[in-house]
Amino acid sequence: MKNKKTKNKYLLIRIKIALSIVMKGKVSLKKIFNAAHCWIAQKFRFVKSSKFPFLINFELWNECNAQCTFCRSEDGGIYDLNPDNLGQASIEKGRMPIKMFKEIIEQSKDHILLAVPYVNGEPLMYPDLYEALKFASDRKVATLISTNGELLTEQNIKKLLDSSLDFIKIAISGFSQDVFTIQHRGCDIEKIKENMKNLARMRDEGGHKILVMIDYIYYEYNAHEYSEALELGRELDFIVSRRPGNLHKLAEEHPELAKKEKPQDDVTSLPVKDLCEWPWKVMTVNWDGSIYPCCDYVVWGDQKTDAVFQIGKSKIEEIWNGSTKINNRRVHLTDGRAGYDICSECTRTGTAFKF
Ligand SMILES: C[S@@+](CC[C@H](N)C(=O)[O-])C[C@H]1O[C@@H](n2cnc3c(N)ncnc32)[C@H](O)[C@@H]1O
Ligand code: SF4
Ligand code: SF4
């Protein structure tokens, strides 16, 4: 269970994000009503949710310039987390046409509070990212991305700032190169620190209202470097947050370090009795248009989709309360997390980890 101090800190971060998008005019009564309706539908266990989710995730491209230990192999193959597929091919890679992103935003712009254009890839790899962010922003849809920070060149920072991105998280897992590359294979922490300093400077020079967060991926082996991230955060006026590092593959790659980590996924503490919130609140669209209940599905091979979005034909509103989606909620209501293999060992307790 999270301690009170951590919970309060996250609450403060969320209040900051909410205030910042209110100030930019990206929140309307209609959007608040839609989000409240999602919340009520889940709380009161209705199979039908609001007209739209309150947040949509988009996997624009699942390619990455890094090969983090927990996420993908050294040659860049994305791990398929479905145990039935163990030892088989990695997750298929592909790019979403920007037209699909735009069409979904156009349909949902008056209702969603946030668009999150990344799931399991590096958003700065997607060549049309800036156009996508600006498209959403011009329609008063707030946006958030998470990046490893390596590609935050001055040129890309300028494009991000010009696109009116609202919130950027920079995930790091150490402050010295030796510690950092244990997870972040293929990235250079000194370059990322430099990039962060440039981002702070360009934000201030241009008077941009972007919120920046250093997302420190916390392990026992990098705990001693956390204070340096905090220090840099203070210096640059970035929020600093801490999230538990995923232990996947650590024991195989670094057995001596893995022994010192505290096990996180103890089956006795899984939130099996918590009704998952995602099917009522969030939609995830994979690069090929496959629509899933949550982010985890994009790295869990062979899952049934809620629908496949077809440009020029599909309607988000119809999919969101269509028969497959209703059935997904019904299974959650009747069988709980045990109703799906992917859900039965899931540790997520809310939707807020995204923001
Ligand atoms: C798969 S990444 C995709 C976005 C981007 N490439 C990044 O790394 O931020 C999505 C999320 O994973 C988180 N993440 C990165 N490395 C992690 C790790 N070793 N353990 C747990 N979460 C991690 C990041 O904070 C990010 O929010
Ligand atoms: S930077 Fe993000 S997407 Fe890339 S390998 Fe690391 S966690 Fe995965
Ligand atoms: S229980 Fe977990 S895996 Fe299943 S829909 Fe909810 S967040 Fe996703």
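**Ligand shells, a helix pair and selected loop residues**

In the predicted model, ligand 3 is surrounded by Cys276, Trp278, Pro293, Cys294, Asp296, Arg337, Ile342, Cys343, Cys346 and Arg348. By class, this shell around ligand 3 comprises seven nonpolar and three charged residues, with no polar ones. The charged residues of the list are Asp296, Arg337 and Arg348. The cysteines Cys276, Cys294, Cys343 and Cys346 are among the residues around ligand 3, and cysteine is counted here as nonpolar.

The shell around ligand 2 consists of Cys64, Ala66, Gln67, Cys68, Cys71, Arg72, Asn120, Gly121, Glu122 and Asn148. Its residues divide into four nonpolar, four polar and two charged. Cysteines also occur in this shell, namely Cys64, Cys68 and Cys71. The charged residues around ligand 2 are Arg72 and Glu122.

Helix α3, formed by residues 98–108, and helix α4, formed by residues 129–138, have axes that come within 10 Å and cross at roughly 15°. Angles under 35 degrees count as roughly parallel, and α3 and α4 are therefore roughly parallel to each other. The crossing of the two helices, α3 and α4, is right-handed. On the α3 side, the contact is made by Ile98, Phe101, Lys102 and Ile105, and on the α4 side by Glu131, Ala132, Phe135 and Ala136. The contact of α3 with α4 contains six nonpolar and two charged residues, and no polar ones. The charged residues are Lys102 of α3 and Glu131 of α4.

Positive phi values in residues other than glycine were found in two loops, at Arg45 and at Ser164. Arg45 lies in the loop between α2 (29–43) and β1 (55–58), and its phi is near 60°. Arg45 is exposed, since 12 other C-beta atoms lie within 10 Å and a residue with 12 or fewer is classed as exposed. Ser164 is placed in the loop between α5 (154–162) and β4 (167–172) and has a phi of about 65°. With 18 C-beta neighbours inside 10 Å, Ser164 counts as partly exposed.

A further loop, between α10 (255–258) and α11 (278–281), contains Pro263. Pro263 has 8 C-beta neighbours inside 10 Å and therefore counts as exposed. The C-alpha atom of Pro263 is separated by 8.0 Å from that of Leu247, a residue 16 positions away along the chain.

Note on methods
Residues numbered from 1 in each chain as written. Chains lettered and ligands numbered in written order. Predicted model: local features only at pLDDT ≥ 70, side-chain atom pairs only at ≥ 80, totals over all residues. Near = placed C-beta within 6 Å. Axes fitted to C-alpha atoms, helices over the stretch in contact; angles between N-to-C directions. Helix = DSSP H or I, 4+ residues; strand = E, 2+ residues; numbered from the N terminus. Parallel < 35°, antiparallel > 145°, perpendicular 65-115°, else oblique. Left-handed = near helix turned anticlockwise from the far one by under 90°. Contact = placed C-beta atoms within 7 Å. Buried ≥ 20, exposed ≤ 12 C-beta atoms within 10 Å, placed from the backbone.
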